[in-house]
Amino acid sequence: MEITLNSGFKMPIVGLGVWRMEKEGIRDLIINAIKIGYRHLDCAADYRNEAEVGEALTEAFKTGLVKREDLFITTKLWNSDHGHVIEACKDSLKKLQLDYLDLFLVHFPVATKHTGVGTTDSALGDDGVLDIDTTISLETTWHDMEKLVSMGLVRSIGISNYDVFLTRDCLAYSKIKPAVNQIETHPYFQRDSLVKFCQKHGICVTAHTPLGGATANAEWFGTVSCLDDPVLKDVADKYKKTVAQVVLRWGIQRNTVVIPKTSKPTRLEENFQVFDFELSKEDMEVIKSMDRKYRTNQPAKFWGIDLYA
(Lines give C-alpha, C1' and ligand atoms only; values in the text may rest on other atoms or scores of the structure.)
Protein backbone atom coordinates (compact mmCIF):
# COMPACT_ATOMS: atom_id res chain seq x y z
CA MET A 1 0.00 0.00 0.00
CA GLU A 2 1.21 3.48 -0.90
CA ILE A 3 0.16 7.07 -0.44
CA THR A 4 0.66 9.54 -3.27
CA LEU A 5 2.37 12.66 -1.96
CA ASN A 6 1.58 16.18 -3.17
CA SER A 7 4.90 16.01 -5.05
CA GLY A 8 3.46 13.21 -7.19
CA PHE A 9 5.73 10.50 -5.77
CA LYS A 10 4.40 7.43 -3.98
CA MET A 11 5.36 6.61 -0.40
CA PRO A 12 4.90 3.10 1.06
CA ILE A 13 2.47 3.25 3.97
CA VAL A 14 4.63 1.01 6.20
CA GLY A 15 8.30 1.77 6.70
CA LEU A 16 11.13 0.74 8.97
CA GLY A 17 12.52 3.36 11.35
CA VAL A 18 16.23 2.99 12.15
CA TRP A 19 16.35 5.23 15.25
CA ARG A 20 18.46 3.69 18.03
CA MET A 21 19.44 0.71 15.88
CA GLU A 22 22.81 -0.66 16.89
CA LYS A 23 25.33 -0.16 14.09
CA GLU A 24 26.54 -3.77 14.05
CA GLY A 25 23.03 -5.13 13.58
CA ILE A 26 21.80 -2.77 10.87
CA ARG A 27 23.04 -4.76 7.89
CA ASP A 28 21.09 -7.90 8.77
CA LEU A 29 17.98 -5.99 9.79
CA ILE A 30 17.79 -4.00 6.57
CA ILE A 31 18.52 -6.99 4.34
CA ASN A 32 15.87 -9.02 6.18
CA ALA A 33 13.41 -6.14 6.02
CA ILE A 34 13.80 -5.88 2.24
CA LYS A 35 13.32 -9.63 1.90
CA ILE A 36 10.12 -9.41 3.98
CA GLY A 37 8.79 -6.69 1.70
CA TYR A 38 9.71 -3.36 3.30
CA ARG A 39 10.40 -0.71 0.67
CA HIS A 40 10.53 2.35 2.92
CA LEU A 41 13.37 3.21 5.32
CA ASP A 42 13.27 6.17 7.69
CA CYS A 43 16.69 7.53 8.62
CA ALA A 44 18.15 10.72 10.10
CA ALA A 45 21.55 12.30 10.42
CA ASP A 46 20.96 12.45 14.17
CA TYR A 47 20.61 8.67 14.40
CA ARG A 48 24.33 8.50 13.57
CA ASN A 49 24.02 5.30 11.57
CA GLU A 50 23.56 6.59 8.01
CA ALA A 51 26.90 5.11 6.95
CA GLU A 52 25.90 1.64 8.13
CA VAL A 53 22.50 1.97 6.43
CA GLY A 54 24.34 3.00 3.26
CA GLU A 55 26.52 -0.10 3.35
CA ALA A 56 23.46 -2.33 3.70
CA LEU A 57 21.69 -0.56 0.84
CA THR A 58 24.72 -0.84 -1.43
CA GLU A 59 24.88 -4.57 -0.73
CA ALA A 60 21.15 -4.92 -1.49
CA PHE A 61 21.60 -3.11 -4.82
CA LYS A 62 24.76 -4.96 -5.85
CA THR A 63 23.32 -8.39 -5.11
CA GLY A 64 20.15 -7.62 -7.06
CA LEU A 65 17.94 -7.96 -3.99
CA VAL A 66 16.23 -4.71 -4.90
CA LYS A 67 16.67 -1.75 -7.26
CA ARG A 68 17.23 1.79 -6.02
CA GLU A 69 14.04 3.00 -7.65
CA ASP A 70 12.04 0.41 -5.72
CA LEU A 71 13.01 1.89 -2.34
CA PHE A 72 11.78 5.03 -0.60
CA ILE A 73 14.55 6.50 1.55
CA THR A 74 13.96 9.33 4.01
CA THR A 75 16.52 11.18 6.07
CA LYS A 76 16.47 14.43 8.05
CA LEU A 77 18.21 17.75 8.54
CA TRP A 78 19.51 18.11 12.09
CA ASN A 79 18.93 21.24 14.18
CA SER A 80 22.57 22.37 14.10
CA ASP A 81 22.66 22.31 10.28
CA HIS A 82 19.80 24.72 9.50
CA GLY A 83 22.27 27.24 8.12
CA HIS A 84 23.99 24.54 6.07
CA VAL A 85 21.10 22.68 4.42
CA ILE A 86 22.73 21.83 1.10
CA GLU A 87 26.00 20.67 2.68
CA ALA A 88 24.11 18.58 5.25
CA CYS A 89 22.01 16.91 2.57
CA LYS A 90 25.11 16.09 0.52
CA ASP A 91 26.76 14.68 3.66
CA SER A 92 23.79 12.38 4.26
CA LEU A 93 23.75 11.29 0.61
CA LYS A 94 27.46 10.44 0.80
CA LYS A 95 26.98 8.37 3.96
CA LEU A 96 23.91 6.62 2.55
CA GLN A 97 25.78 6.06 -0.76
CA LEU A 98 22.83 7.44 -2.71
CA ASP A 99 22.47 9.87 -5.61
CA TYR A 100 19.15 11.24 -4.39
CA LEU A 101 16.75 11.08 -1.46
CA ASP A 102 13.07 10.30 -1.80
CA LEU A 103 12.28 12.55 1.15
CA PHE A 104 14.29 15.04 3.21
CA LEU A 105 12.71 16.41 6.38
CA VAL A 106 13.45 19.29 8.74
CA HIS A 107 13.89 17.11 11.84
CA PHE A 108 12.75 19.69 14.43
CA PRO A 109 11.44 23.24 13.99
CA VAL A 110 14.45 24.85 15.63
CA ALA A 111 17.90 26.00 14.52
CA THR A 112 20.67 25.48 17.05
CA LYS A 113 24.33 26.42 17.31
CA HIS A 114 26.25 24.97 14.35
CA THR A 115 28.74 22.31 15.42
CA GLY A 116 29.99 21.14 12.02
CA VAL A 117 28.05 19.52 9.19
CA GLY A 118 26.92 16.02 10.08
CA THR A 119 28.08 16.14 13.69
CA THR A 120 24.46 16.44 14.92
CA ASP A 121 25.42 17.78 18.33
CA SER A 122 22.96 19.57 20.61
CA ALA A 123 25.09 22.31 22.11
CA LEU A 124 24.00 23.45 25.55
CA GLY A 125 24.89 26.78 27.16
CA ASP A 126 26.39 27.16 30.62
CA ASP A 127 22.83 27.25 31.94
CA GLY A 128 22.17 23.76 30.57
CA VAL A 129 19.69 25.09 28.02
CA LEU A 130 19.90 24.35 24.29
CA ASP A 131 21.81 27.02 22.35
CA ILE A 132 19.15 28.14 19.87
CA ASP A 133 20.31 30.22 16.89
CA THR A 134 17.80 33.06 16.67
CA THR A 135 19.35 34.43 13.43
CA ILE A 136 18.06 31.57 11.25
CA SER A 137 14.33 31.51 10.58
CA LEU A 138 12.36 28.41 9.64
CA GLU A 139 11.41 30.23 6.45
CA THR A 140 15.08 30.60 5.49
CA THR A 141 15.63 26.90 6.21
CA TRP A 142 12.62 25.94 4.10
CA HIS A 143 13.74 27.93 1.08
CA ASP A 144 17.10 26.15 1.29
CA MET A 145 15.19 22.84 1.40
CA GLU A 146 13.38 23.88 -1.80
CA LYS A 147 16.74 24.40 -3.53
CA LEU A 148 17.51 20.70 -2.98
CA VAL A 149 14.54 19.76 -5.17
CA SER A 150 15.65 22.00 -8.06
CA MET A 151 19.17 20.59 -7.69
CA GLY A 152 17.84 17.05 -8.13
CA LEU A 153 19.22 15.90 -4.79
CA VAL A 154 15.80 15.34 -3.24
CA ARG A 155 12.46 14.31 -4.73
CA SER A 156 10.19 15.47 -1.91
CA ILE A 157 10.72 17.71 1.10
CA GLY A 158 8.85 17.87 4.36
CA ILE A 159 8.76 18.80 8.00
CA SER A 160 8.85 16.90 11.27
CA ASN A 161 7.58 17.67 14.76
CA TYR A 162 5.75 20.80 13.52
CA ASP A 163 2.48 21.78 15.22
CA VAL A 164 -0.59 23.27 13.50
CA PHE A 165 0.67 26.86 13.63
CA LEU A 166 4.19 26.15 12.37
CA THR A 167 2.74 23.95 9.62
CA ARG A 168 0.34 26.76 8.65
CA ASP A 169 3.25 29.20 8.47
CA CYS A 170 5.25 26.80 6.30
CA LEU A 171 2.31 26.57 3.89
CA ALA A 172 2.20 30.38 3.75
CA TYR A 173 5.84 30.97 2.85
CA SER A 174 6.59 27.85 0.83
CA LYS A 175 6.98 27.73 -2.94
CA ILE A 176 7.11 23.93 -2.69
CA LYS A 177 4.56 22.73 -0.14
CA PRO A 178 5.75 20.24 2.49
CA ALA A 179 4.85 16.75 1.30
CA VAL A 180 5.00 15.21 4.77
CA ASN A 181 4.80 16.15 8.43
CA GLN A 182 6.34 13.40 10.55
CA ILE A 183 4.99 13.55 14.10
CA GLU A 184 4.59 11.40 17.17
CA THR A 185 1.11 9.92 17.08
CA HIS A 186 -0.33 6.70 18.54
CA PRO A 187 -3.48 5.72 20.48
CA TYR A 188 -2.33 7.58 23.61
CA PHE A 189 -1.34 10.69 21.60
CA GLN A 190 -3.70 10.94 18.65
CA ARG A 191 -3.36 14.66 17.78
CA ASP A 192 -6.52 14.58 15.73
CA SER A 193 -6.53 18.33 14.99
CA LEU A 194 -2.99 18.30 13.62
CA VAL A 195 -3.62 15.16 11.56
CA LYS A 196 -6.82 16.63 10.11
CA PHE A 197 -5.17 19.98 9.39
CA CYS A 198 -2.29 18.37 7.51
CA GLN A 199 -4.51 16.04 5.52
CA LYS A 200 -6.92 18.85 4.65
CA HIS A 201 -3.99 20.76 3.14
CA GLY A 202 -2.53 17.81 1.23
CA ILE A 203 0.30 17.06 3.66
CA CYS A 204 0.81 13.36 4.40
CA VAL A 205 1.22 12.56 8.08
CA THR A 206 3.87 10.02 9.01
CA ALA A 207 3.59 8.57 12.50
CA HIS A 208 6.93 8.23 14.20
CA THR A 209 6.72 6.37 17.52
CA PRO A 210 3.52 4.69 16.16
CA LEU A 211 3.62 2.08 18.94
CA GLY A 212 4.07 4.63 21.71
CA GLY A 213 7.79 4.23 22.08
CA ALA A 214 7.68 0.90 23.93
CA THR A 215 11.00 -0.08 25.53
CA ALA A 216 13.11 2.62 23.88
CA ASN A 217 11.13 5.56 25.28
CA ALA A 218 10.64 3.85 28.63
CA GLU A 219 14.43 3.67 28.95
CA TRP A 220 15.13 7.22 27.77
CA PHE A 221 12.13 9.17 29.01
CA GLY A 222 10.43 6.97 31.60
CA THR A 223 7.20 6.93 29.58
CA VAL A 224 4.74 4.08 29.17
CA SER A 225 3.53 2.53 25.92
CA CYS A 226 -0.02 1.79 24.86
CA LEU A 227 1.02 -1.78 23.97
CA ASP A 228 0.21 -2.97 27.49
CA ASP A 229 -3.26 -1.43 27.53
CA PRO A 230 -5.96 -4.03 28.32
CA VAL A 231 -8.44 -2.39 25.93
CA LEU A 232 -6.04 -2.86 23.03
CA LYS A 233 -5.33 -6.41 24.15
CA ASP A 234 -9.05 -7.19 23.92
CA VAL A 235 -9.23 -5.72 20.41
CA ALA A 236 -6.15 -7.70 19.36
CA ASP A 237 -7.65 -10.95 20.68
CA LYS A 238 -10.78 -10.29 18.63
CA TYR A 239 -8.76 -10.18 15.40
CA LYS A 240 -6.25 -12.84 16.46
CA LYS A 241 -3.49 -10.27 16.01
CA THR A 242 -0.86 -8.76 18.29
CA VAL A 243 -1.48 -5.40 19.94
CA ALA A 244 1.29 -3.89 17.82
CA GLN A 245 -0.41 -5.08 14.62
CA VAL A 246 -3.72 -3.57 15.75
CA VAL A 247 -2.08 -0.25 16.61
CA LEU A 248 -0.28 -0.10 13.25
CA ARG A 249 -3.49 -1.01 11.43
CA TRP A 250 -5.27 1.78 13.29
CA GLY A 251 -2.62 4.20 12.05
CA ILE A 252 -3.00 2.99 8.47
CA GLN A 253 -6.78 3.37 8.61
CA ARG A 254 -6.27 6.99 9.71
CA ASN A 255 -4.44 7.41 6.37
CA THR A 256 -1.13 7.97 8.13
CA VAL A 257 2.16 6.33 7.21
CA VAL A 258 3.63 4.24 10.04
CA ILE A 259 7.34 3.64 10.61
CA PRO A 260 7.76 1.21 13.52
CA LYS A 261 11.27 0.54 14.75
CA THR A 262 12.43 -2.87 15.93
CA SER A 263 15.69 -4.77 16.25
CA LYS A 264 14.00 -8.16 16.58
CA PRO A 265 13.57 -10.29 13.41
CA THR A 266 10.23 -11.72 14.58
CA ARG A 267 8.82 -8.26 15.25
CA LEU A 268 10.18 -7.05 11.91
CA GLU A 269 7.97 -9.58 10.13
CA GLU A 270 5.04 -9.10 12.50
CA ASN A 271 4.96 -5.32 11.97
CA PHE A 272 4.63 -5.84 8.22
CA GLN A 273 1.72 -8.27 8.48
CA VAL A 274 -0.95 -5.60 8.77
CA PHE A 275 -2.60 -5.78 5.35
CA ASP A 276 -4.71 -8.91 5.79
CA PHE A 277 -7.31 -7.51 8.18
CA GLU A 278 -9.32 -4.35 8.76
CA LEU A 279 -10.54 -2.80 12.00
CA SER A 280 -14.28 -2.19 12.19
CA LYS A 281 -15.69 1.33 12.63
CA GLU A 282 -16.66 0.34 16.15
CA ASP A 283 -13.14 -0.72 17.06
CA MET A 284 -11.69 2.41 15.46
CA GLU A 285 -14.01 4.39 17.77
CA VAL A 286 -12.93 2.34 20.78
CA ILE A 287 -9.30 3.20 20.08
CA LYS A 288 -10.21 6.83 19.40
CA SER A 289 -11.64 7.04 22.92
CA MET A 290 -8.25 6.03 24.40
CA ASP A 291 -6.49 9.33 23.66
CA ARG A 292 -4.56 10.60 26.71
CA LYS A 293 -2.75 13.47 24.94
CA TYR A 294 0.35 11.71 26.21
CA ARG A 295 3.65 12.44 24.50
CA THR A 296 6.26 9.71 25.03
CA ASN A 297 9.23 11.29 23.21
CA GLN A 298 10.54 14.08 25.45
CA PRO A 299 13.74 15.72 24.14
CA ALA A 300 13.43 18.38 26.85
CA LYS A 301 15.16 15.84 29.09
CA PHE A 302 18.37 16.45 27.13
CA TRP A 303 17.86 20.03 25.95
CA GLY A 304 16.84 21.81 29.15
CA ILE A 305 13.95 23.42 27.29
CA ASP A 306 10.58 22.10 26.12
CA LEU A 307 10.27 22.96 22.44
CA TYR A 308 6.65 21.83 22.55
CA ALA A 309 5.72 24.28 25.31
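**A note on a helix pair and a pocket**

1. Let's start with two helices. The axes of α8 (residues 230-239) and α11 (residues 281-288) come within 10 Å and cross at roughly 160°. Please keep in mind that this is a predicted model.

2. How do α8 and α11 run relative to each other, roughly parallel or roughly antiparallel? Angles over 145 degrees count as roughly antiparallel, and therefore α8 and α11 are roughly antiparallel to each other. Their crossing is left-handed.

3. If you would like to look at the contact itself, α8 brings V231, L232, V235, K238 and Y239, while D283, V286 and I287 come from α11. Sorted by character, the residues of this contact are six nonpolar and two charged, with no polar ones.

4. Now to the second largest pocket, with a volume of about 410 Å³. Its lining is made up of 17 residues. To find the spot on your screen, pick D163, V164, R191, L194 and R295, which lie nearest the centre of the pocket.

5. Which helices each supply at least two residues of that lining? They are α5 (164-173) and α6 (192-200). The largest share, three residues, comes from α6.

6. A last point on the character of this pocket: its lining has nine nonpolar residues, six charged and two polar. Both the pocket lining and the contact of α8 with α11 thus include nonpolar and charged residues, and polar ones are found in the lining but not in the helix contact.

Notes: Residues numbered from 1 in each chain as written. Predicted model: local features only at pLDDT ≥ 70, side-chain atom pairs only at ≥ 80, totals over all residues. Heavy atoms only, no water. 1 Å grid on protein atoms, 1.4 Å probe; cavity = no way out; pocket = protein on both sides within 12 Å on 5 of 7 lines; lining within 4 Å. Points joined across faces, edges and corners; volume = space filled by probe spheres on them. Helix = DSSP H or I, 4+ residues; strand = E, 2+ residues; numbered from the N terminus. Nonpolar A, V, L, I, M, F, W, Y, C, P; charged D, E, K, R; others polar. Axes fitted to C-alpha atoms, helices over the stretch in contact; angles between N-to-C directions. Parallel < 35°, antiparallel > 145°, perpendicular 65-115°, else oblique. Left-handed = near helix turned anticlockwise from the far one by under 90°. Contact = heavy atoms within 4.5 Å.
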